[in-house]
Amino acid sequence: MLNYRQLHYFWVVAKTGSIVRACEQLNLTPQTISGQISLLEDTYGLPLFRRVGRQLELTETGRQVLPYAEQIFQLGSELESMLRMAPTEQQILFRVGVADVVPKSIVYRLIAPTMELDKPIRITCREDKLDRLLADLAIQRLDLVISDSPMPSHLDIKGFSQKLGECGISFFATSTLAKDYAENFPQCLQGAPLLIPGPETVLRSRLLRWLAEQQIQPRIVGEFDDSALMQAFGQSGIGVFIAPSVIAHEVMRQFDVELIGHTEAVTESFYAITVERKIRHPGIVAITEGARRELFTPR
């Protein structure tokens, strides 16, 4: 059984950078802390720190252990806070994973209805690659994953996908760029500098297929897995960029850009992935109902 007290001493030393500072925080002697860490190292036969002059540095094993310790004691702190609350004050913990290809504005608008629940809710939102998020979902480190694609069939992970909605895409550019490419959409995109989603996105292949069908060959000047980064480049005038049509007005206002055109022939879809077929968590219920009622119109 892992000795969590010893792990806690290791974690504090790693965070503070020295045994002396850890002693001040824990109100313990250096002998106690160093002795307990040595016992932890002896238990598994692996060093966690090494001395470099007067400094302590994490070994490769120590660097691997540290993120686990961070999660363990963060959860412990959350558990302690929850236990200390009166039953009427206890928050519902809602852990959401977001695939990094999903536009941030869409994520906010999907999650916003959870703020209106009768019971207080505490959201932790983590962005990452879909496969890593699904691995955490499988071991219940997450309650929900929001993605632009359903649960991949090749993964040996139990999960259920609910389609939240879909919408067409819109094309935007700065006012300077829009002067040259704002008429006769979509033919105006011929030769236009275009920013497109990266290869990990579902939207990319749909967009390129549609452009080929229209016999339009833009000049691709950038590819981005992160939609926020693509919008930042678009705002600077590097090229025309795309975003879901449901947030078109928000994009124009936020980035001070103009709408060149939009199409329903290319759609972007969004999914809620959970480990349970029947949704019980009030946060997930709020997201699914809000998406269908307010954000996306039925197709």
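Is Asn-27 buried or exposed? Asn-27 is exposed, because its relative accessible area is 70%, and a residue counts as exposed when this value is over 50%. The legends below describe close-up views of a predicted model.

**View A. Asn-27 in the loop between α2 and α3.** Asn-27 is found in the loop that joins α2 (19-26) and α3 (30-44). The residue is not a glycine, yet its phi is positive, at about 60°. Its relative accessible area of 70% makes Asn-27 an exposed residue. In sequence, Asn-27 and Gln-74 are 47 residues apart, and in space they are 20 Å apart, from C-alpha to C-alpha. Gln-74 appears again in the next view, among the residues that line the largest pocket.

**View B. The largest pocket.** The largest pocket holds about 500 Å³ of space. It is lined by 18 residues, and those closest to its centre are Gln-71, Gln-74, Leu-75, Arg-126 and Arg-141. Three elements give two or more residues to this lining: α4 (60-84), β3 (92-99) and β4 (121-128). Of these, α4 gives the most, with eight residues.

**View C. The largest cavity.** A search of the whole structure finds one cavity of 30 Å³ or more. The space in the largest cavity is about 130 Å³. Its lining consists of 16 residues, and the ones nearest its centre are Pro-197, Leu-203, Ser-227, Met-230 and Glu-268. Both α9 (227-235) and β9 supply at least two residues each to the lining of this cavity.

**View D. Strand β6 and its two partners.** Strand β6 comprises residues 160-173, and 10 of its 14 residues are buried, so the strand is largely enclosed by the rest of the structure. A residue is called buried when its relative accessible area is under 20%. One partner of β6 is strand β10 (residues 258-274), and the two pair in the antiparallel sense over 13 bridges. Within this pairing, Ile-169 stands opposite Thr-263 in β10. Another partner is strand β9 (residues 241-244), which pairs with β6 in the antiparallel sense over four bridges. Here Ser-170 stands opposite Ala-243 in β9. In a regular strand, side chains alternate between the two faces of the sheet.

**View E. The loop between α7 and β7.** This view shows Asn-184 and Pro-186, both of which lie in the loop between α7 (175-181) and β7 (193-197). Asn-184 has a phi near 60°, which is a positive value in a residue other than glycine. Asn-184 is exposed, because its relative accessible area is 56% and the cut-off for exposure is over 50%. In the same loop, Pro-186 follows a cis peptide bond: the bond from Phe-185 to Pro-186 has omega near 5°.

**View F. A nonpolar patch on the surface.** Met-1, Tyr-4, Tyr-68 and Ile-72 make a nonpolar surface patch of about 520 Å². Met-1 is placed in the segment before α1 (4-16). With a relative accessible area of 94%, Met-1 is exposed.

Methods: Residues numbered from 1 in each chain as written. Predicted model: local features only at pLDDT ≥ 70, side-chain atom pairs only at ≥ 80, totals over all residues. Heavy atoms only, no water. Patch = residues over 30% accessible without salt bridge, like charges linked within 9 Å, V, L, I, M, F, W, Y side chains within 5 Å. Areas by Shrake-Rupley, 256 points an atom, 1.4 Å probe, with all protein chains shown as cover. Salt bridge = Lys/Arg side-chain N within 4 Å of Asp/Glu carboxyl O. Buried < 20%, exposed > 50% of the residue type's maximum accessible area, 1.4 Å probe, protein only. Pairing = 2+ DSSP bridges. 1 Å grid on protein atoms, 1.4 Å probe; cavity = no way out; pocket = protein on both sides within 12 Å on 5 of 7 lines; lining within 4 Å. Points joined across faces, edges and corners; volume = space filled by probe spheres on them.
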